[in-house]
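Student: I would like a close look at a single part of this structure. Please take one helix and go through what it packs against and which charged pairs are found around it.

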Amino acid sequence: MGLPDLQLWELYHTVMLKDLGCSSNAARICELYLSDDLSFKRDFKTVSDSLPKVLGFVFAHTGLKAGLAERFRAVLNILQNGGEIVDDLIQTRCQRGAQIALQLRFPASVCEAIHALDEHWNGSGRPDHLAGAAIPLYARVALLAQVVDVFHTAAGPAAAIAEVRSRSGTWFDPQVVACFESVAAEPGFWEILSSDAVEAAVVALAPASPIVVDEDYLDDIARAFAEIIDAKSPFTSGHSERVAVYADMIAAELGFTTERRRWLKRAALLHDVGKLGVSNAILDKNGKLDDAEWRDMRNHAVLSETILSRVAVFRETACIGGSHHERLDGKGYPRGLKGDAIAPEIRIVSVADVFDALTADRPYRSAMPLEKALGIMRADVGTAFDPTCFAALERALAAIEGDLARAA
């Protein structure tokens, strides 16, 4: 398309960050469709404007594990209010994604394109029913790329090309389609997409960035992704930030340096990033998890470590994400680490994480009073929790309580 370097940089990051807002409607999808949000979101990308396909998707993804009456009510609600429901889901995701991109210091052109990801060339898209050239160019390219990937992954190159051609002039800008077909005809294009080399190829495509990455920017990145993580479930709203605050309180009591406390706050903000890979059907379940669900839930720690390990500036924090559910007695997960194998920073986040979990609402119980939560934790000091870290938390909380009493 002949885009200059700056526009290529903006387009690159629009595509890479197009799903920033996806976690914000995951719980709502599970609630409305009685479905696993992960498979729902994956398969929804294959649905066109065809009524039979829309109906087929609704029946194939709504309440499959629910009772007959509950499934019937859910399907009926979707069929009667489907347009309004989809409008709301997409609006939530698009607005949140654009807001987070702005927090990450990306220019308005990137934020606007993320907001317009689901607009269609013929004006039938969402959230604002933009049409033609009114749709940001980066959004037009990103939507086509998304559909190509879904159909290529599911059924191969021919299916992807056929789907793009069938939606040219309705969903897609015909000029973008023509440019895509030209690229897709180049030798090796489909082979790279299907190979292990695709990640390296994408990294190599990254244009030089005009954004200066300093310590403040790393803080902003960690805070923005903490919001993405916590938006996944209404029961984790604010969890990562609170864990970061409690971890910092403990670290301050233990005499950590300012620099190390800053590092620890970032690690705490990102410790649950792996929960983005766990279905809300599990995260928000009001009841005991079965064995398979519990395996998926426990796997979030491994996912956290894997994700953070891939990002050079956050690689050192990966141990926090991967090990914050370990216990001193070796009965934690995922590796059953014991005693000195658990670093001091991991012990701090473990104490902060459980304290917040007990003092916040959960699907299966209300938030506990402070003293009850501390009493429960106190019973596990020396087995689950580090005594020094727990004592530091108690001192920090007592100091806050004293300050409040004096202020009153």
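Tutor: What follows is a walk around helix α18 and its two partners, and then the salt bridges.

The model is a predicted one. Helix α18 covers residues 344–358, and helix α13 covers residues 239–253. The axes of these two helices come within 8 Å and cross at roughly 130 degrees. That angle makes α13 oblique to α18, because it falls outside the ranges for roughly parallel, roughly perpendicular and roughly antiparallel. The crossing of α13 past α18 is right-handed. On the α13 side, the residues in contact are His239, Arg242, Val243, Tyr246, Ala247, Ile250 and Ala251. They meet Ile348, Val349, Val351, Ala352, Asp353, Phe355 and Asp356 of α18. Sorted by class, this contact has 10 nonpolar, 1 polar and 3 charged residues.

Two of the residues in that contact, Arg242 and Asp356, also form a salt bridge. Their closest N and O atoms are 2.5 Å apart. Asp356 lies in α18 and Arg242 in α13, so the pair ties together parts that are 114 residues apart in sequence. Asp356 has 1% relative accessibility and counts as buried, while Arg242, at 28%, counts as partly exposed. As a general point, side chains of opposite charge can pair when their charged atoms come close.

The second partner is helix α14, residues 258–269. Its axis is 11 Å from that of α18, and the two helices pack at an angle of about 55 degrees. They are therefore oblique to each other. Here too the crossing is right-handed. Arg260, Trp263, Leu264 and Ala268 in α14 meet Glu345, Ile348 and Val349 in α18. This contact divides into 5 nonpolar, no polar and 2 charged residues. Ile348 and Val349 are on the list for α13 and on the list for α14.

Helix α14 also has a charged link to another helix. Arg266 forms a salt bridge with Glu215, with the closest N and O atoms 2.6 Å apart. Arg266 lies in α14 and Glu215 in helix α12 (residues 215–230), so this pair ties together parts that are 51 residues apart in sequence. Arg266 is buried, with a relative accessible area of 8%, whereas Glu215 is partly exposed at 41%. For the whole structure, a search finds 25 salt bridges.

Definitions and conventions:
Residues are numbered from 1 along each chain as its sequence is written. This is a predicted model: local features need pLDDT of at least 70, side-chain atom pairs count only at pLDDT 80 or more; totals for chains, interfaces and linings use all residues. Side-chain values use heavy atoms; hydrogens and water are left out. Axes are lines fitted to C-alpha atoms, for helices over the stretch in contact, and angles run from 0 to 180 degrees between N-to-C directions. Helices (H or I, at least four residues) and strands (E, at least two) are DSSP runs, numbered from the N terminus. Angles under 35 degrees count as roughly parallel, over 145 as roughly antiparallel, 65 to 115 as roughly perpendicular and the rest as oblique. A crossing is left-handed if the near helix is turned anticlockwise from the far one by less than a right angle, and right-handed if clockwise. Contact means heavy atoms within 4.5 Å. Ala, Val, Leu, Ile, Met, Phe, Trp, Tyr, Cys and Pro count as nonpolar, Asp, Glu, Lys and Arg as charged, and the others, Gly among them, as polar. A salt bridge is a side-chain nitrogen of Lys or Arg within 4 Å of a carboxyl oxygen of Asp or Glu. Buried means under 20% relative accessible area, exposed over 50%, partly exposed in between (1.4 Å probe, protein chains only).
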